[in-house]
Amino acid sequence: MEIKVVSGDITKLKVDAIIVNLFEGMESPAGATGAVDQALGGLITQLIAEGEIKGKLNEMTLVHSMGKISPARVVVAGLGKENELNLTRIRGVAAEACRFLRKVGAKRVGTIAHGAGSGGIDVEQSAQALTEGAILGLYTFRKHQTKEPDQKDVNELRIVEMDRKKLPELKRGCARGRIMAEATNLARDMANEPANYMTPTDMAEVAKKVAQDYGLEFKVLEKKDIEKLGMGALLGVAQGSRQPPKFIILSYTGTDPSKNTLGLVGKGITFDSGGISIKPSEGMGDMKGDMSGGAAVIAAMRAIGELKPKINVTALIPATENLPDGAAVKPGDILKAMNGKTIEIVNTDAEGRLILADALGYAGKLKLSPLVDVATLTGACHIALGDVCSGAFSNNKELVEKVIKAGEESGERFWQMPMDEDYKEQNKSDVADIKNTGGRWGGAITAAQFLAEFVGETPWVHLDIAGTARTDKEKRFLVQGATGVTVRTLVNLTLSLAQE
Ligand code: BES
Ligand code: MN
Ligand code: ZN
């Protein structure tokens, strides 16, 4: 989709449809909506008076302009209560309005920047949220469907503004919004791919392409390198698969290389069958998305490469399948991680923490600090927080607060979970240094405590996205399938750390 900021009169725009807006409870529309209303002979005011348009959040009303203005159709999008308008709502309204117009068959769409006039929202941020909402809300994954879609894509969006002075801010916001949203959609594409199209090798190929296109350094550790490094936990998970494991490394240098390097670590299980502790078959297909954390990290690196903040960032993605076969790791086996710690395998389905143990160990070797890892790690986190918040676990109060704040700016929600030492008790093994499951109770926390054993003193945040990485229903800027969650949070965190 092509998005442009243009100045002028929205009623004269050469598009198929325009989006204007209305706050709840407003009886006569102002600004651009008012101008459109006037040109339509007071039609919008009349529909408000008749109670058809209420301005409730995400209410969409379509009116036909019958030749009175250049665009044939007008959507009046409800913004909800004026004092409750925020960037999250703008993203959502933009997404809903664009999808609404796609159903109507509009290909070229004009819109005003919601809240940037009298709404009191920062002009640049409003344009960013609008752009993000449109691109994220219109996302589809049709790669494997050979039939033409029933509905045409919206392929042109014009953000229209009367006041020329606002154009530079609107353009900046629009440009950043596009980078953020397209990176998010890259993560969605990767996670939506079936596992036979997104193997560890395929993941490495995507990362390589991102590195080439956005000026990052790319390296992949092959199985023999992984063996040399002694990453026994990652190798243990990989040994049941015919696909070779890949340890993917992307680096961005935005400042003096002797300065700290932020480390982003993402779980890259391209298919999680559970291994010998095999999962029930119902819903197992969703486990093609068990590399969502790794995809988010690769996608965030792409946006970082585009935005070029003054900070160094290295991304680590351990990638493998988790499958059962004659060579697979078995319950009772003991693996040795890169940092020398021995791990008793109680359940081969707790594989994410194993591959992350070695990735975090490697991050320590590279002295990356601070560290943020992202993983679809535990069903327990899904049970605890549903599909609304991702879990945040940390050994550092300041860092976790920064992550949560970066999330708020992105419209992504995190909830901090406890990390009391007492939880470590459940991970104690009788035969090895630690075991890979701590039982049912507090399963998301014991998983995080397991990871903590491989982090040491480095400031670190673990984000468990098991509940938020995919969604079954269309909801505001989310569409069914992979959500791309944490991409924008990681990018905003990186930008804010670069400011320090
Ligand atoms: N990838 C799963 C977690 C998951 C579940 C992600 C559902 C997304 C949706 C993870 O590898 C796993 O299987 N975890 C086990 C751990 C248990 C065996 C300790 C779980 O949560 O059941
Ligand atoms: Mn598993
Ligand atoms: Zn898994």
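Here are some exercises with worked solutions on a predicted model.

**Exercise 1. Work out how ligand 1 is held in polar terms: which oxygen contacts do K267, D272 and G379 make?**

Step 1. Start with the side chains. In D272, a polar side-chain atom lies 2.9 Å from an oxygen atom of ligand 1. For K267, an N or O atom of the side chain is 3.3 Å from an oxygen atom of the ligand.

Step 2. Now check the backbone. A polar backbone atom of G379 is 2.7 Å from an oxygen atom of ligand 1.

Step 3. Apply the cut-off: a polar contact needs a pair of N or O atoms within 3.5 Å. The D272 pair, at 2.9 Å, fits that, and so do the K267 pair at 3.3 Å and the G379 pair at 2.7 Å.

Step 4. Add the cover. On its own, ligand 1 has 520 Å² of accessible area, and the protein covers 75% of it.

**Exercise 2. Describe the surroundings of ligand 1: where does it sit, and what kinds of residues make up its shell?**

Step 1. Place the ligand: it's in the largest pocket.

Step 2. Look at who's around. There are 15 residues around ligand 1, and K279, D290, D349, E351 and G379 come nearest.

Step 3. Sort the shell by type. You get 7 charged, 5 polar and 3 nonpolar residues.

**Exercise 3. Take apart the sheet with order 12-13-17: which strands stand at its edges?**

Step 1. Read the layout. This is an open sheet of 3 strands with mixed pairing.

Step 2. Find the edges. Strand 12 (334–336) and strand 17 (434–435) each have a single partner strand, so one side of each lacks a neighbour in the sheet.

Step 3. Zoom in on one pair. Strand 13 (residues 342–344) and strand 17 run parallel, joined by 2 bridges. I343 has I434 of strand 17 as its bridge partner.

**Exercise 4. Track down two backbone oddities: where are P370 and N58?**

Step 1. Recall the background: most peptide bonds are trans, and most residues other than glycine have a negative phi.

Step 2. Check P370. The bond joining S369 and P370 is cis, with omega about -5°. P370 is in the loop between helix 10 (352–365) and strand 14 (371–375).

Step 3. Check N58. Its phi is positive, near 70°, and N58 lies in the loop between helix 2 (43–49) and strand 3 (60–64).

Definitions and conventions: Residues numbered from 1 in each chain as written. Chains lettered and ligands numbered in written order. Predicted model: local features only at pLDDT ≥ 70, side-chain atom pairs only at ≥ 80, totals over all residues. Heavy atoms only, no water. Near = heavy atom within 4 Å. Polar contact = N/O pair within 3.5 Å; in protein donor to acceptor, adjacent residues only side chain to side chain. Areas by Shrake-Rupley, 256 points an atom, 1.4 Å probe, with all protein chains shown as cover. 1 Å grid on protein atoms, 1.4 Å probe; cavity = no way out; pocket = protein on both sides within 12 Å on 5 of 7 lines; lining within 4 Å. Sits in = over half its atoms within 2 Å of the grid points. Nonpolar A, V, L, I, M, F, W, Y, C, P; charged D, E, K, R; others polar. Pairing = 2+ DSSP bridges. Helix = DSSP H or I, 4+ residues; strand = E, 2+ residues; numbered from the N terminus.
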